Amino acid sequence: MMRLRTLWGDRLHRQALHYAMTSFSASVLNNVFVTFYVQTFLTTFHLNQFWFMVGQVVYCVWNCTNDPVFGWIGDTRFQNAQQRRLPRIRVGGPLWALAFLVVWCPFTRDPVANPAIAGLHFIVAMVLYDGAMSYTMVAHQALLADLTSNDRQRERCNMYSAGCHIAGSFAVFAAHQAWESTSMGRFRVLAVGLSVVACLGFCCTSLSSHLTERYDGPASGHAHGVGAGVAPQNAGM
């Protein structure tokens, strides 16, 4: 207990934990998404193969282009780290959670009679989900360079992120318990709950005062404030 109190009292550990909470939220959403989206669209929503392939092609093109575009926008539009990263996580995280919910809510009750509408749902869901994910995670991954140039602190942030990612992956076990290919009711309720949990994690990162400070000192100690994300001369990105 004393060790835990000591770690929590260390601002560097709190900075690392708050940074890692976005990794937790990303793991909650993405592990459930990649596990169930194919089965949902093909088995439950009865999407035909043609529209599934069209959606996958659109997704591949969009996935290849949105990362560099969002990265370029984030690095050229704003002058300081706080404006570049944290507001994007604050906005992009909830949008990602909302896009996650769109996946499980079909646009038509009869996809066999309305294959184009079912295909449109698949394309819209994939584009929204991947776009919101990229918008959020590009900012989060670039945030680490703005937080510190200290190798030990970067390792600490990555270690906390790995732990939070593992914790978030347990959402898949709950999703398996709620999953029924013939009835999505329980699964949709769980998806709403997971989205709320993910939003809390995104807010923990984006609203944290510890992530508006830059640390470039020794491996232990306290971070120093740098105003609104203004970094010293050796600041990255």
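Let's start with confidence. This is a predicted model, and the protein chain averages a pLDDT of 84. Of its residues, 82% score at least 70. Two stretches fall short. Over residues 1-9 the pLDDT is below 50. That stretch makes six contacts in the model beyond near neighbours in sequence. Residues 219-237 also have a pLDDT below 50. There, the model shows 50 contacts beyond near neighbours in sequence. A word of caution: where pLDDT is low, the predicted coordinates should not be read in detail.

Now to the inside. The largest nonpolar core has 51 residues. Which residues have the most contacts inside it? They are V32, W96 and W104. Several helices feed this core. At least two residues each come from α2 (11-44), α5 (86-103), α6 (115-147), α7 (151-169), α8 (171-178) and α9 (185-206). The top contributor is α2, with 13 residues. As a general point, nonpolar side chains in soluble globular proteins tend to be buried together.

Take W104 as an example. Set aside its neighbours within four places in sequence. W104 then contacts V32, F33, F36, Y37, T40 and F45. The list continues with M184, F187, R188 and A191.

Next, S27. Its place is in helix α2. Is S27 buried or exposed? S27 has a relative accessible area of 1%. The cut-off for buried is under 20%, so S27 counts as buried. Its side chain has a polar partner: a contact of 2.8 Å joins it to the side chain of N31. Beyond four places in sequence, S27 is in contact with H165, G168 and S169.

Compare that with L190, in helix α9. Its relative accessibility is 21%. Partly exposed runs between 20% and 50%, so that is where L190 falls. What does L190 touch, not counting residues up to four places away in sequence? A174, A175 and A178. Look also at A171. L190 and A171 sit 19 residues apart in sequence, and 9.5 Å apart in space, C-alpha to C-alpha.

Last stop, the pockets. The largest pocket has a volume of about 190 Å³. It is lined by 14 residues. Which of them are closest to its centre? F45, P106, T108, R109 and P111. We met F45 already, as a contact of W104. Both α2 and α6 supply at least two residues of the lining. The largest share comes from α6, with three residues.

Conventions:
Residues are numbered from 1 along each chain as its sequence is written. This is a predicted model: local features need pLDDT of at least 70, side-chain atom pairs count only at pLDDT 80 or more; totals for chains, interfaces and linings use all residues. Side-chain values use heavy atoms; hydrogens and water are left out. pLDDT is the predictor's confidence in each residue, from 0 to 100. Contact means heavy atoms within 4.5 Å. A nonpolar core is a set of buried Ala, Val, Leu, Ile, Met, Phe, Trp, Tyr and Cys residues joined through side-chain atoms within 4.5 Å. Buried means under 20% relative accessible area, exposed over 50%, partly exposed in between (1.4 Å probe, protein chains only). Helices (H or I, at least four residues) and strands (E, at least two) are DSSP runs, numbered from the N terminus. A polar contact is a pair of N or O atoms within 3.5 Å; within protein, one must be able to donate a hydrogen and the other to accept it, and residues adjacent in sequence count only if both atoms are side-chain atoms. On a 1 Å grid over the protein atoms alone, a cavity is a set of points where a 1.4 Å probe fits but cannot get out, and a pocket is an open set with protein on both sides within 12 Å along at least five of seven lines; lining residues have an atom within 4 Å of a point. Grid points are joined across faces, edges and corners, and a volume is the space filled by probe spheres set on the points.
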